[in-house]
Amino acid sequence: MKIAVDAMGGDHAPAVVVEGCIQASNEFNIPIILVGDRERIEAEMKKYRADSSNISIRHASEIVGMDESPAQAIRKKKDSSLKVCFDLVKSGEAGAVVSAGNSGAAMAAGMFLMKKIKGVDRPAIAVSVPTMKGSAVLLDVGGNVDCKPIHLVQFAIMGDVYARYALKKDRPRVGLLSNGEEEGKGNELTRETNAIIKKTSLNYIGYVEGRDIYRGDVDVVVADGFVGNVVLKLSEGLVEAVTTMLKEEIMATLPSKIGYLLARGAFQRLKKKIDYAEYGGAPLLGIEGVCVISHGRSNPKAIKNAILRASEFAVGKVNTHVMEEIAKNGDLEKLNRPDAASGS
């Protein structure tokens, strides 16, 4: 199954994207279509002597900038590398899209070009986060900043499916992010969502707090895009700050340097566990196709792993399972009625 990769998306495109594609092709034998400025892509590929027979190039004359309006970019730039990637999936030439470019534009393209899965009002961006007991799914992390309770319920169902089929969690524990675990906590959105989500077939454990995410006691953490994005960016900033401070402390004294040498293996394992590049990218759940959105600052390793994740997502038919679970939970609109939410 070919993966269409947006060669022009990201802060360091096309250099890191091309390198990541070559790594993915060589390590995983995944066929790739690099989409973008052919001349620039070929110039980057000439830097590597590795076999690139598994990689083809599809020229696209336009680029969607990181600061462009998503909807306008998709409508006006008909030959952008991002849009061409989605066109390739829509036509069946590719099985998935990977892009480190404008995430809003990728979401807009998914909704308008691939369409939403029946029963899903808004697609959600889901990220895997490291925990003390493995990993968990956090969604939404920026696609939908203003949500209704039914949207969060749909996020929970999609997150449950992703945790089961991508992270191999047998019966994922689903939690709703709030400012406390007590029933009376939260705001109007979380309280209404809490009442509805209890009526689904999910393994719902109730409210969870921010500190619970990394403990590993919850497998799927549900939030609106505003809160989820703040959590994600705070986590990234914290990792960078702690890493920098740790390096400064290690280099401060000779005993610290010696201690580091003795514990270097542990530090390297920890670094690998919290490195976003190990997770590759975040799938866009809820569209009739596969799209993995990578960090704008992605390095080659992140692109490589994003391609692997997209391939696994497509082969695992996660979208089919999302459709099945949405249907299994019955008429969600009925659950969304005030009388149903109140239990009357």
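Does Y162 count as buried or exposed, and at what relative accessibility? Y162 counts as buried, at 2% relative accessibility. Keep that residue in mind as you browse the close-up views below, which all come from a predicted model.

**Close-up A. Y162 and F313 form a tilted aromatic pair.** Welcome to the aromatic pair of this structure, which holds 1 such pair. The ring centres of Y162 and F313 lie 6.2 Å apart and their planes meet at 35°, so the pair is tilted. Two distant parts of the chain are linked here: Y162 belongs to helix 6 and F313 to helix 11, with their positions 151 residues apart in the numbering. F313 counts as buried, with a relative accessibility of 3%, and Y162 is buried as well, at 2%.

**Close-up B. D160 and R164 pair within helix 6.** Staying in helix 6 (residues 149-165), we find D160 and R164, 4 residues apart, or about one turn of the helix. An α-helix has 3.6 residues a turn, so residues three or four places apart point the same way. The side chains of R164 and D160 meet in a salt bridge, at 3.0 Å from N to O. D160 is buried, its relative accessible area being 6%.

**Close-up C. D212 and R215 meet in a salt bridge.** Here the N to O distance is 3.4 Å. The two partners differ in cover: D212 is buried, with a relative accessible area of 7%, whereas R215 counts as partly exposed at 38%. While we are on salt bridges, it is worth looking back at helix 6, since shared partners join D160, R164 and E325 into one network.

**Close-up D. R38 and E42 form a salt bridge in helix 2.** Helix 2 covers residues 38-45, and E42 and R38 sit 4 residues apart in it, about one turn of the helix. Their side chains meet at 4.0 Å, N to O. How exposed is E42? E42 is partly exposed, with a relative accessible area of 34%, and R38 is also partly exposed, at 34% relative accessibility. For the wider setting, a search of the whole structure finds 15 salt bridges.

**Close-up E. Helix 1 packs its buried residues against several neighbouring elements.** Helix 1 runs over residues 15-28, and its 14 residues should span 20 Å at 1.5 Å a residue. The end C-alpha atoms are indeed 20 Å apart, which agrees with that expectation. Buried in this helix are V16, V17, V18, G20, C21, I22, A24 and S25. Which elements do the buried residues of helix 1 pack against? Their partners are strand 1 (3-6), strand 2 (32-36), strand 3 (55-59), helix 2 and helix 11 (300-315). Do not miss N29, just after helix 1, which takes a positive phi of about 55°.

**Close-up F. V145, F226, V227 and V230 make a nonpolar surface patch.** The patch has an area of about 340 Å². V145, one of its members, is found in the loop between strand 6 (134-139) and helix 6. At 45% relative accessibility, V145 counts as partly exposed. This view makes a pleasant companion to the aromatic pair, where Y162 of helix 6 counts as buried at 2%.

Note on methods:
Residues numbered from 1 in each chain as written. Predicted model: local features only at pLDDT ≥ 70, side-chain atom pairs only at ≥ 80, totals over all residues. Heavy atoms only, no water. Buried < 20%, exposed > 50% of the residue type's maximum accessible area, 1.4 Å probe, protein only. Expected span 1.5 Å × (residues − 1). Contact = heavy atoms within 4.5 Å. Patch = residues over 30% accessible without salt bridge, like charges linked within 9 Å, V, L, I, M, F, W, Y side chains within 5 Å. Areas by Shrake-Rupley, 256 points an atom, 1.4 Å probe, with all protein chains shown as cover. Phe/Tyr/Trp six-rings, centres within 6.5 Å; stacked < 30°, edge-to-face > 60°.
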